[in-house]
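Colleague: Could you take me through the charged side chains and the cysteines of this model, giving the reasoning behind each assignment?

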Amino acid sequence: MARFLLRRFISSIPVIIGILALVFALARMIPGDPCRAALGERATDEICDAYNERYGLNDPIHVQFGIYLKDVATGDLGESFRFGVPVTELLIQRLPTTMELAAAALLIAVFVGVPLGIISGYRHNTKTDVATMVGANIGVAMPVFWLGLMLQYVFAVFLRDTPLALPPSGKLDAGLIPVPFYEVWGLPENGFMEFLSEFTLMNSLVTFQWEIFSSAFLHLILPAVALATIPLAIIARMTRSALLDVLGLDYVRTARAKGLRERSVVLKHALRNAMLPVVTIIGLSFGLLLGGAILTETIFNLAGVGKTLFDAITSRDYTVVQGFTLVVAISFVMVNLLVDLLYTYLDPRVRVS
Amino acid sequence: MSDDLYDPSDRPLEPTDDQPLDTVEASDAIRDKVRMDLAGGDVGAVTSGGLWRTAGREVLRKKSAIVGMALLSILLLLAVFAPIIAPYPPNKVLFDEGVSPRDPPCVHLFGCDEDKPQHILGIDGNGRDYFSRIVYGARVSLLAAFVAVLFAVVWGTMVGLVAGFFGGWVDNVLMRVMDVLLSFPSLLLAIVVVTVLGPGLINAILAIAIVTIPQYARIVRSSVLSIREQEYVSADQALGVTRWRLLAHRIFPNTLTPLIVIATLGVATAVLEIASLSFLGLGIQPPTAEWGSMLAAERNQVFTAPHLVFFAGLMIMWTVLGFNLLGDGLRDAIDPRLGR
């Protein structure tokens with residue numbers, strides 16, 4: 001087991017090096033002069049020379065890459081041209097928003113998708129099944145950005161004066177400023193504490209700031225639902241087909257033959273094996289969530305990783321593009337690694353082979 | 001995403017052309033076995049037409065595939081006959097014909113004032129007939145997605161064939177590169193690529209193609225690996241058939257079956273991602289009528305003129321749904337073991 005873990009871990013190292021090289025190369029190839037993009041009207045030749053010198057943009061490319069690798073290894077992702085703050089600082093502020101959004105979406109996708117898949121698979125070829133699968137097919141086909149806009153229209157305009165109305169954009173109601181938990185509890189302030197406190201829902205929950213909590217919660221519903229739809233539909237389809245596969249196996253027949261209640265046959269015996277492929281799909285959905293976050297955050301005006309990254313690309317903020325793309329890609333690799341490990345834990349057969 | 005279920009590596013499938021496979025009896029035995037599998041045991045029913053005819057018949061039996069084909073046929077008609085169907089040219093500004101920006105849909109049949117000009121999906125922010133733009137949009141979306149998938153399939157097949165057939169370090173290097181490409185969320189990578197190349201139709205197509213190459217390369221490589229071990233290939237090798245001939249006539253045709261299924265599903269993804277790029281302003285640029293960029297142009301008006309957002313998105317969904325249903329149907333038809 002330990003050897004398997006180690007091997008699996010080592011095999012992801014070349015991929016990570018490849019990601020580093022690709023991210024570095026792509027960020028350099030973005031057309032346009034970062035100095036002029038950052039300084040705009042103020043950029044004269046002298047100022048730009050000084051600027052390029054300061055950010056190491058005059059060095060040969062391989063020197064820049066070497067410095068880049070060293071910096072990344074020490075956790076230094078450079079400084080944003082546009083905001084003038086370190087990229088890590090931006091990440092501290094923006095990453096939690098995306099993580100909360102993605103987690104909420106994944107929760108919805110799993111806790112709605114898996115039961116739907118079970119019902120649909122168990123009631124194979126009934127009206128319930130057909131209805132669920134038609135819904136799932138439509139869900140997979142829906143563009144995230146369209147769904148987001150439609151949800152905004154329905155819940156903010158159409159249902160405006162009903163109790164079902166939901167805020168269409170932003171993270172909190174205007175004027176609400178959450179107090180970080182470390183201030184409430186009198187803890188020292190540092191980067192990590194700040195990072196934790198940016199999880200607005202968690203922060204307001206543990207410090208009993210109920211007004212903030214409910215506002216953050218209501219603001220999260222629409223973007224999370226929009227982002228969850230495609231993974232939800234995929235998970236439902238996968239659960240259904242995996243369950244159907246398993247229900248046809250001998251051991252399930254045995255379980256039934258020995259008189260177990262149907263409920264326990266399906267939920268205990270069959271489901272356990274049916275969940276294996278579903279775990280893989282949940283891992284792969286994470287990539288969809290990260291890609292979808294770019295669109296969702298743009299539509300719902302959430303200052304998360306996706307929106308920041310997109311803004312950085314359009315304004316040629318090299319270092320932010322580099323840093324954020326790197327973090328997103330590596331977290332994707334890590335999630336897939338984690339899924340592999342989970343898979344090994346759940347299915348001993350993988351370990352043996 | 002459902003294509004992840006599809007692992008063709010353990011299934012040798014029959015070549016597409018019905019040319020006899022040299023003289024080796026072993027290969028015939030395998031073909032019969034495959035046919036038997038495909039036909040559910042009834043060899044006689046298949047030998048007359050081969051895999052594709054069986055698959056065709058099987059597809060026509062699947063309700064979802066029929067729905068998919070119907071959706072796509074309508075779309076194809078819209079695209080081909082756009083100039084006839086659309087009442088106005090897509091970029092014609094109609095302000096001097098008595099319209100104002102973002103007029104809601106007006107259909108005389110449904111009680112719209114007879115004096116007003118009829119615009120069944122309304123008018124967009126620049127005074128153009130929205131229905132005409134939606135119709136012309138079908139051309140752009142279908143064409144862009146097809147080209148992107150074709151490009152990705154061609155390159156992915158080459159990479160996969162070479163990697164799988166030659167093995168060794170070639171395989172290692174190529175597949176590691178593919179792994180790196182796959183470790184980015186595809187939309188993110190496409191966005192970065194398009195930023196490097198510059199926004200526009202061609203570059204958006206290229207970006208989507210590049211990020212999907214690994215998918216096809218992996219499918220082809222795994223089929224090559226399994227086919228390479230088949231007895232009829234070993235037999236050919238023993239008979240002294242050259243490597244290239246082996247690659248072109250024995251191995252390549254056998255990779256086509258999984259490829260066609262994955263490519264059909266891939267068109268759906270391509271439609272969605274090209275629309276996403278256009279929505280972000282990185283793909284097809286205005287004034288070209290394309291659903292994603294039409295949606296982006298009016299997205300801030302969703303609260304006042306929701307019809308301008310609704311129909312463009314509906315068309316994207318329609319297209320994606322069509323290709324997904326057809327792809328699923330094809331997969332089930334070609335490989336009944338996965339179907340249900």
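Modeller: Bear in mind throughout that this is a predicted model. A convenient place to begin is chain B, where the side chains of B:Asp124 and B:Arg128 meet in a salt bridge, with an N to O distance of 3.1 Å.

Colleague: Are B:Asp124 and B:Arg128 buried or exposed?

Modeller: The two residues are partners in a salt bridge at 3.1 Å, N to O. As for their accessibility, B:Asp124 and B:Arg128 have the one description, which is buried.

Colleague: How does A:Lys307 count in terms of relative accessibility, buried or exposed?

Modeller: A:Lys307 forms a salt bridge with A:Asp311, and the closest N and O atoms are 3.3 Å apart. Both residues lie in helix H14 (residues 305–314) of chain A, 4 residues apart, which is about one turn of the helix. A:Asp311 has 25% relative accessibility and therefore counts as partly exposed. For A:Lys307 the value is 18%, and because buried means under 20%, A:Lys307 counts as buried.

Colleague: What is the relative accessible area of A:Arg256, which meets A:Glu262 in a salt bridge?

Modeller: The side chains of A:Arg256 and A:Glu262 come to 2.7 Å, N to O, in their salt bridge. A:Glu262, at 29% relative accessibility, counts as partly exposed. A:Arg256 is likewise partly exposed, and its relative accessible area is 36%.

Colleague: Which residues are linked with A:Arg237 in a network of salt bridges?

Modeller: By the rule applied here, the count comes to 14 salt bridges over all chains. Among the residues involved, A:Arg237 is linked in a network with two residues of chain B, namely B:Asp328 and B:Arg331.

Colleague: Why is A:Arg272 assigned as exposed?

Modeller: A:Arg272 is placed in helix H13 (residues 262–299) of chain A, and with A:Arg261, A:Arg263 and A:Lys268 it forms a positive surface patch. Exposed means over 50% relative accessible area, so A:Arg272 is assigned as exposed because its value is 64%.

Colleague: What is the handedness of the disulfide between B:Cys106 and B:Cys112?

Modeller: A search of the whole structure finds 1 disulfide over all chains, and this bond joins B:Cys106 to B:Cys112 with an S to S distance of 1.9 Å. Both cysteines, B:Cys106 and B:Cys112, are buried. The torsion about their S-S bond is about -90°, so the disulfide is left-handed.

How values were computed:
Residues are numbered from 1 along each chain as its sequence is written. Chains are lettered from A and ligands numbered from 1 in the order in which they are written. This is a predicted model: local features need pLDDT of at least 70, side-chain atom pairs count only at pLDDT 80 or more; totals for chains, interfaces and linings use all residues. Side-chain values use heavy atoms; hydrogens and water are left out. Patches are made of residues with over 30% relative accessible area and no salt bridge: like charges are joined within 9 Å, nonpolar side chains (Val, Leu, Ile, Met, Phe, Trp, Tyr) within 5 Å. Accessible areas come from the Shrake-Rupley method with a 1.4 Å probe; for residues, only the protein chains shown count as cover. A salt bridge is a side-chain nitrogen of Lys or Arg within 4 Å of a carboxyl oxygen of Asp or Glu. Lys and Arg count as positive and Asp and Glu as negative; His and the chain ends are not counted. The place of a charge is taken as NZ of Lys, CZ of Arg, CG of Asp or CD of Glu. Helices (H or I, at least four residues) and strands (E, at least two) are DSSP runs, numbered from the N terminus. Buried means under 20% relative accessible area, exposed over 50%, partly exposed in between (1.4 Å probe, protein chains only). A disulfide is a pair of cysteine sulfur atoms within 2.5 Å.
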